[in-house]
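Please take the sequence and the model below together, and follow the chain from one of its strands outward to its cores and helices.

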Amino acid sequence: MELFPAIDIRNSKVVRLTKGDYDVMKVYRDDPTEVAKEFLNVGTKNLHVVDLDGARDGSLANFDSIKALANTKGLFIEVGGGIRNMERIEAYLKLGVGRVILGTAAVKNYSLVEQAVKEFGDAVAVGVDAKDGLVAVSGWEEVTEIPSFDFCLKLRDTGVKTVIYTDISKDGAMSGTNLEIYKKLSEIKGLDIVASGGITFEEEIIALRRMGTYGAILGKALYEGKLDLKRALQIAKEDE
């Protein structure tokens, strides 16, 4: 199983939100690139980056920070937050980003998903953020009436290879993740699921690995010292 330590960026700083609430934010570091290099030094090969300003308003406020991350050698980087048109996708891929993540745009402009997958293939993923089983958009501030599991099926049928699925109620709460939904999602044939939101314990990494989950994102648990990244990387690769 692949692990993706997360770097969430707001105002060019490394931060974490709690349950997607922009008013409940903690700043951890001033330089995202320094954090990425620390992750690289303990053995990670992947990085999950979210532009929180972009997710909220579609701006490019953190483009320079993401460019610096993309220039860090030895890391596969996936980026989400405010990617709402083909031009933004292409701009990030030209930086050297390995995969871009469509979120709000995938819901509000589904033709973009179809066009992007046709043009860029597996370099396009979709982030499905869910609250009470329904898809949420616009930095998690708007909950739709779309069932999240059904939306994942639709994405698979469209040709999307990778879905990053986040249970908002668990994100940043340090109380564990929603293993039940990932068990259900892992049974969707032809779709790589990346678990995100609230992963706090080593046992959860083991459980996700055993159920066949493609990947998992580690966020606040790393920054708060609840999980050791080097140890987590070893656990994710056991039995392989």
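**From a strand to the cores and helices**

In this predicted model, R10 touches V15, Y22, M25, L52, D53, R56 and N62, leaving aside residues up to four places away in sequence. This arginine is found in strand β1, which covers residues 2-10, and with a relative accessibility of 18% R10 counts as buried, because the cut-off for a buried residue is under 20% relative accessible area.

The chain then enters the loop between β1 and β2 (13-18), where N11 is found. N11 has a positive phi of about 55 degrees although it is not a glycine, and with a relative accessible area of 54% N11 is exposed. S12 is found in the loop between β1 and β2 as well; its phi, near 70 degrees, is again a positive value in a residue other than glycine, while a relative accessible area of 31% makes S12 partly exposed.

Where does the nonpolar interior lie? The largest nonpolar core has 67 residues, and those with the most contacts inside it are I7 and L102. Not counting residues up to four places away in sequence, I7 touches V14, P32, V35, A36, F39, L47, H48, V49, V50, L69 and Y223. A second, separate core consists of seven residues, among them F4, A125, V194 and I217.

Helix α9, residues 202-210, has E204, I205, L208 and R209 as its buried residues. When the helix is viewed down its axis, these buried residues fall within an arc of 135 degrees, so they line one face of α9. The face turned away from that buried side carries the exposed residues E203 and R210. The cover over the buried residues of α9 includes α8 (179-185), β11 (192-196), β12 (215-218) and α11 (229-237). Just after α9, G212 takes a positive phi of about 90 degrees.

A helix pair completes the tour. The axes of helix α6 (residues 110-120) and helix α7 (residues 148-158) come within 10 Å and cross at roughly 35 degrees, and this crossing of α6 and α7 is right-handed. On the α6 side the contact is made by Y110, V113, E114 and V117, which meet F151, K154, L155 and T158 in α7. Sorted by class, the contact of α6 with α7 has five nonpolar, one polar and two charged residues.

Definitions and conventions. Residues are numbered from 1 along each chain as its sequence is written. This is a predicted model: local features need pLDDT of at least 70, side-chain atom pairs count only at pLDDT 80 or more; totals for chains, interfaces and linings use all residues. Side-chain values use heavy atoms; hydrogens and water are left out. Helices (H or I, at least four residues) and strands (E, at least two) are DSSP runs, numbered from the N terminus. Buried means under 20% relative accessible area, exposed over 50%, partly exposed in between (1.4 Å probe, protein chains only). Contact means heavy atoms within 4.5 Å. A nonpolar core is a set of buried Ala, Val, Leu, Ile, Met, Phe, Trp, Tyr and Cys residues joined through side-chain atoms within 4.5 Å. The arc is that of the directions from the helix axis to the C-beta atoms. Axes are lines fitted to C-alpha atoms, for helices over the stretch in contact, and angles run from 0 to 180 degrees between N-to-C directions. A crossing is left-handed if the near helix is turned anticlockwise from the far one by less than a right angle, and right-handed if clockwise. Ala, Val, Leu, Ile, Met, Phe, Trp, Tyr, Cys and Pro count as nonpolar, Asp, Glu, Lys and Arg as charged, and the others, Gly among them, as polar.
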